Every structure is written in structure tokens, then in C-alpha cells.
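Hi,

Here is the structure I promised to pass on. Have a look at it first, and then read my notes below.

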Amino acid sequence: NAPEQGQPDYRGLSMFRGHGELIADAAFSRWKARLGGTAFYDAAYQLNGQRDLYTDKYLGEYENELELNEAYLKGSLSGNADLKLGRQIVVWGKSDNLRVTDILNPLDRRYPGMLDIRYLRLPVTMTRLDYYWESWNINAMLIHEPRFDKLPVYNGEFFPGTRPPPKLETQDWSWDNQQAGVALNGIFSGWDLSFYAASVFQERAHAEIDPAGVPYQTHDRAAMFGTAANVVLGSWLLKGEAAYWDGLKYTNAADRKSRFDILAGVDYMGFPETTVSFEIANRHIIGYDPLLENLPDGQREDWTQYAFRFVKNFMNDTLHLTFVLSSFGLLGAEGGFERLQLDYDVSDTITVTGGVVLYESGDYPGFQDIGSNDRLLFELEYRF
């Protein structure tokens, strides 16, 4: 829709981004090192002639970025023990589309629905120790860097609200802010099983009032205990996850809450060059207080999310069709999106992508007014 006077016009070109990634790998003896960086510049704001209508904070998040990506040193301490130090990504859980136990790395959520989760994880500085024996592996992590999701910024089309949020309190790298996690993984013939425990900062911030009466946002610490499993039955892959959260802090509740999350999913690979998957997750707040439905929490006692994915390869695995549907509530009643895209490998180094993303408005936080944000996308990628 046409904007009000003095507001940004979201119609037409919304992104014209040049994005680059450089990765350097080195190996010596039993050790390997990686140093990676990413950068982008989005010229859409200059081309649209309305750059002055955006806040400096918004332009700082969306117009350009230079960031250290994965940067680590890893190696073998013995025949059964490995050590990995630095900025890294650690994936927990079995799901490819929804997150229940996959909690260690924040996500880039600035453009919902545009990319799969595996491209959205943000690396975090941590020390990871792995120990292996027979079919089992235990990994323990000390997370040094308090890092959180990149969320839509005020003044942007995906920001849920008409006023800027309170200032977010930053977390430093002090000893008190160290986070920790441990996982036990077993891989067997036709199935695998994992158990998780972590003490981490909550993904969602809540609001507090400082002594001067000024509101601010902060992240509190909570504990998570979870499990996940996969089972292969012919062309079927069955997967499940469960997580129990203790000590969750919300703005509108006086006491801390607990939450139980559960996920069930199935992949079918019986058709040639095709994968079909369906996942469903439910998040249930224990001891729910109706006040949590008010903003800024916007939480219900139960949120149910569905995800459907269809992937088909053509032309000797050079043309890839992907359809993704993510829905809060049945058939997007609480919000969601659909993405249809085609990726064509012109050569081993060049890929062309085209597609469309359709959004559905709903009551789920962040999805209230995004139904008019539908977009066409085009990408040209060159790797060398």
C-alpha cells in the first residue's frame, strides 16, 4: 500500500544487494584453521531516492554490513578427543525446518522466509571439546560470546509495531555471562539418539524498568534439557525432538515460567530425485498467565507451528525446485509464509535463482502485519 507522508515506500524494489564471502582454510599436522568473513552493500535505498526516510539504526542494519563469520582452530588432542576454539556453528536436533533443541546459535531473522535455517545461523565464539567412544560421542561447550538473533528493525516493513522498542541492554564477555552446553549423541544402525542440557540466555528479550523509570530490554538466563532422535524405515525418516525450559522470564509475568516444546516430523525419499518432509512443533507454557497475551510478550499458552517442504531435482541434478510452507496455526491462521524457488546450476561455479515469497498475517509475534510484504526474488551467485 502507498505509505503515509514522510514514511518509507516499501513498494517496488526492496533489495539490490551485492554480497561477498571469503573463506581461508589452513591445515598443519593434526590441526585445521578457518577464517571467514562476509560483507554486503544494498544499493536499493539510494536507487529508490528515499534514503533520508530511514533511521541511522535501520541503515546500519540493512544497507551495509561487514562481519567476521566462522573463525576457528580445531584439532585432535588424542585418538578419542577433539578440540575446537573460536567462532563456530553447532547444530543440535534433527529438524531441518523448525527449531526445538537447536538453540546454541542465534538466527538472522531480518527477512523472514527468504532463506532456509541452515543459511541463517550466526556463528558464536565458544570452546568445544568432543570425546568419542564406540557408537557414542559427548561434546561439551563453553560459550564465551553473548550473541542474539538479528531482528527486524524499527522503520522497516517487517518490524511488528509503530513505535521503536526500548533500548536493548548489551551483554559483555564477562565470566558471569559465560554460557554452557553438553550433548550426548549415539549413532547406530538405522537410528540415532541425542540428549542435551544447556544454560543459556533466552532467545527473546523482556522489558524491565531502571531506577530512573526508563524501560529497557534485556536477556535473562534459562536452562534447557532436551532430547532428539531419528529412525530410518525404508524410504521414510522419522524424527522427533523435545525440550524443557526452566526459568523463562517474561515482561508481563511476575514469576518465571517453564515451557515444554515438542516436535515430530517425517521425510519421504521414495520418489526419484525428490524429498518430501513435514514437521509439526508445539510450544506449551506451563503455569500460563493470561497477561502474557499482552504486548510486548504476545504469548499464548500453546503455539503450534507446521512446516512442509518439497524438493525436486531435474536435468541431471542441475535444476532444483523447492517449495516451503511454514505456518503458525492450521493453514496459516496465526501467520506464516510460502516460498517457491528454482535454482539452476549454469556451471560448477555459477548458480541462478528465482522465486516468490508470499506472507500471511496472523497473531503470532512478528507476523501481525506482514501479509502485504510479498516479493519476487532473483539471485546470481558465483563461487571460486
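S76 stands opposite D82 in β4. That pair belongs to the contact between β3 and strand β4 (residues 81-88), which run antiparallel and are joined by 6 bridges. The turn from β3 to β4 is a hairpin through 4 residues. Before you zoom in any further, keep in mind that this is a predicted model.

β3 (residues 64-76) also pairs with β2 (residues 31-42): the two run antiparallel, with 10 bridges between them. If you want a residue pair to find your way by, K32 has K74 as its bridge partner in β3.

Next, a small open sheet elsewhere in the chain. It has 3 strands in the order β7-β11-β10, and the pairing is mixed. Why do β7 and β10 each have one side without a neighbour in the sheet? Both stand at the edges, β7 being 167-168 and β10 being 206-209, and each has a single partner strand, so nothing in the sheet flanks the other side. β10 and β11 (residues 215-218) run antiparallel, joined by 4 bridges. H206 is part of that pairing, with T218 as its bridge partner in β11.

H206 turns up again when you look at the empty space. The count is 2 cavities of 30 Å³ or more, and H206 helps line the second largest, together with Q202, R204, A205, K249, Y250 and D297. That cavity has a volume of about 40 Å³. Its lining splits into 2 nonpolar, 2 polar and 3 charged residues.

The largest cavity comes to about 140 Å³. Its lining takes in 17 residues, and Y10, S14, Y54, Y58 and E157 are the ones nearest its centre. What is the lining made of, by class? There are 10 nonpolar, 4 polar and 3 charged residues.

Now the nonpolar cores. The largest has 27 residues, and W92, I103, L104, M224 and W245 are those with the most contacts inside it. Several strands feed this core with at least two residues each: β5 (124-133), β6 (136-143), β9 (191-201), β12 (221-233), β13 (236-248) and β15 (274-286). Apart from that one lies another core of 17 residues, including Y58, Y111, V324 and I370. Y58 is also one of the residues nearest the centre of the largest cavity.

Two single residues to click on before you close the viewer. The first is K257, in strand β14 (residues 257-268). Is K257 buried or exposed? Its relative accessible area is 6%, and the cut-off for buried is under 20%, so K257 counts as buried. Leaving aside residues up to four places away in sequence, K257 touches W245, D246, G247, L248, Y250, I285, I286, G287 and D289. Two of those have come up already: W245 in the largest core and Y250 in the lining of the second largest cavity.

The other is Y244, which sits in strand β13. At 32% relative accessibility, Y244 is partly exposed. With the same sequence neighbours left out, Y244 touches A223, M224, F225, S258, R259, F260 and I286. I286 is on the contact list of K257 as well. Y244 and A197 are 47 residues apart along the chain, and their C-alpha atoms are separated by 9.5 Å.

That's everything from my side. Over to you!

Notes:
Residues are numbered from 1 along each chain as its sequence is written. This is a predicted model: local features need pLDDT of at least 70, side-chain atom pairs count only at pLDDT 80 or more; totals for chains, interfaces and linings use all residues. Side-chain values use heavy atoms; hydrogens and water are left out. On a 1 Å grid over the protein atoms alone, a cavity is a set of points where a 1.4 Å probe fits but cannot get out, and a pocket is an open set with protein on both sides within 12 Å along at least five of seven lines; lining residues have an atom within 4 Å of a point. Grid points are joined across faces, edges and corners, and a volume is the space filled by probe spheres set on the points. Ala, Val, Leu, Ile, Met, Phe, Trp, Tyr, Cys and Pro count as nonpolar, Asp, Glu, Lys and Arg as charged, and the others, Gly among them, as polar. A nonpolar core is a set of buried Ala, Val, Leu, Ile, Met, Phe, Trp, Tyr and Cys residues joined through side-chain atoms within 4.5 Å. Buried means under 20% relative accessible area, exposed over 50%, partly exposed in between (1.4 Å probe, protein chains only). Two strands pair if DSSP finds at least two bridges between them. Contact means heavy atoms within 4.5 Å.
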